[in-house]
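Q: Please take a close look at a single helix of this chain. I should like a connected account of its surroundings, its faces and its ends, set against the chain as a whole.

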Amino acid sequence: VGFATSGVAEIVEDGVTGSIVPHGDLTAMKDALLKIIRDPKTAAEMGRAAQLRARETFSLERHVERLEELYCAPKS
């Protein structure tokens, strides 16, 4: 569960890998946390989806690939 702030939406896919709540809305944060705590099956599914997304999107290998694409791209 995270606040809708810069960068969080890149990491957390709302409803798939976690939950995003409006920035500063502590009631929404509390409700989202309680929802996850009370539903271990959904929490586990989101956790697995988050692990997969992290491996595919944010791994060291993926960062190196992106840097290679940036620096090795043909100049126009």
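A: In this predicted model, the elements follow the order β-α-β-α-α-α from the N terminus on. The chain thus contains 4 helices and 2 strands. Its radius of gyration is 16 Å, well over the 11 Å that the globule rule gives for 76 residues, so the chain is more spread out than a compact globule. Along the principal axes, the C-alpha atoms occupy a box of roughly 50 × 25 × 15 Å. Of the 76 residues, 17% count as buried. The accessible surface amounts to about 5900 Å², and carbon and sulfur atoms account for 59% of that area. Among contacts between residues at least 6 apart in sequence, 36% join residues at least 24 apart.

Against this background, the part chosen for closer inspection is helix 2, which covers residues 26-38. Helix 2 has 13 residues, and the distance from its first C-alpha to its last is 18 Å, close to the 18 Å expected at 1.5 Å a residue.

The N-terminal end of helix 2 is capped by Asp-25. A side-chain oxygen of Asp-25 lies 3.3 Å from the backbone nitrogen of Thr-27.

The faces of the helix may be considered next. The buried residues of helix 2 are Ala-28, Met-29 and Ala-32. Viewed down the helix axis, these buried residues fall within an arc of 100°, so they line one face of helix 2. A general property of the α-helix is relevant here: with 3.6 residues a turn, residues three or four places apart point the same way. On the other side of helix 2, Leu-26, Ile-37 and Arg-38 are exposed.

As for what the buried face meets, the buried residues of helix 2 pack against strand 1 (2-3) and strand 2 (20-21). Ala-28, a residue of helix 2, illustrates the surroundings in detail. Leaving aside residues up to four places away in sequence, Ala-28 touches Val-21 and Pro-22. Ala-28 and Phe-3 are 25 residues apart in sequence, and their C-alpha atoms are 9.3 Å apart in space.

To draw the account together, helix 2 carries a buried face formed by Ala-28, Met-29 and Ala-32, packed against strand 1 and strand 2. Its N-terminal end is capped by Asp-25, while Leu-26, Ile-37 and Arg-38 are exposed on the other side.

Terms used. Residues numbered from 1 in each chain as written. Predicted model: local features only at pLDDT ≥ 70, side-chain atom pairs only at ≥ 80, totals over all residues. Heavy atoms only, no water. Expected span 1.5 Å × (residues − 1). Buried < 20%, exposed > 50% of the residue type's maximum accessible area, 1.4 Å probe, protein only. Arc of directions from axis to C-beta. Contact = heavy atoms within 4.5 Å. Polar contact = N/O pair within 3.5 Å; in protein donor to acceptor, adjacent residues only side chain to side chain. Rg over C-alpha atoms; globule rule 2.2 N^0.38 Å. Areas by Shrake-Rupley, 256 points an atom, 1.4 Å probe, with all protein chains shown as cover.
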